[in-house]
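Q: Hey, got a minute to go through a fold with me? Let me pull it up first.

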Amino acid sequence: MPKITKPKKIYPIAEIIWEDIESQDGGWIKPGHTDIVPCLMTSIGYLVLDNDQYLVYASDLAQDGTTNGRTQIPKTNVKSVKVIRKIPTPRKKKNAENIV
């Protein structure tokens with residue numbers, strides 16, 4: 001069986017809860033209709049960008065670091081972000097002087 005090379009861990013994996021935009025179906029709606037319920041979505045993906053205006057996550061990460069299936073969410077629609085897996089920090093190599 002050939003050796004499988006995993007993609008580099010360059011993006012954290014996060015769970016994002018966000019409010020989606022929803023159309024109101026059903027034809028004619030009477031004046032005063034107020035049955036509006038938030039359309040909350042839960043998404044999990046590679047957190048590619050998180051700035052003051054947008055959050056972008058991707059569903060796929062290739063071995064060369066490219067991403068596919070990106071979703072861009074206005075930051076005002078993001079309710080919460082929970083990091084599931086952080087980017088690993090490089091370990092410092094021990095030199096011969098520190099080995100006891």
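Q: How many bridges do β1 and β2 pair over, and in the parallel or antiparallel sense?
A: Happy to help! In this predicted model, β1 and β2, which spans residues 40-50, are paired over seven bridges in the antiparallel sense.

Q: Nice. Which residue in β2 is the bridge partner of Ile13?
A: That's Tyr46.

Q: And zooming out, what order do the strands of the sheet have?
A: The sheet is open, with five strands in the order β4-β3-β2-β1-β5, and the pairing is antiparallel.

Q: Why is one side of β4 and of β5 left without a neighbour in the sheet?
A: Because β4 (67-74) and β5 (78-85) stand at the edges and each has a single partner strand.

Q: What's the average turn between neighbouring strands?
A: On average they are turned by 45° against each other, ignoring direction.

Q: Switching topic: which residues make up the largest nonpolar core?
A: There are eight: Ala14, Ile16, Trp18, Leu47, Leu55, Tyr57, Ile73 and Val78. Two elements, β1 (13-19) and β3 (54-61), give two or more residues to this core. The largest share is three residues, and β1 provides it.

Q: What does Val78 touch, leaving out residues up to four places away in sequence?
A: Val78 touches Ile16, Ile17, Trp18, Leu55 and Ile73.

Q: OK, and how many residues are in the second, separate core?
A: Seven, among them Ile13, Tyr46, Val48 and Val56. You've met two of those already: Ile13 and Tyr46 are the bridge partners we talked about.

Definitions and conventions. Residues numbered from 1 in each chain as written. Predicted model: local features only at pLDDT ≥ 70, side-chain atom pairs only at ≥ 80, totals over all residues. Heavy atoms only, no water. Core = buried A, V, L, I, M, F, W, Y, C linked by side-chain atoms within 4.5 Å. Buried < 20%, exposed > 50% of the residue type's maximum accessible area, 1.4 Å probe, protein only. Helix = DSSP H or I, 4+ residues; strand = E, 2+ residues; numbered from the N terminus. Contact = heavy atoms within 4.5 Å. Pairing = 2+ DSSP bridges. Axes fitted to C-alpha atoms, helices over the stretch in contact; angles between N-to-C directions.
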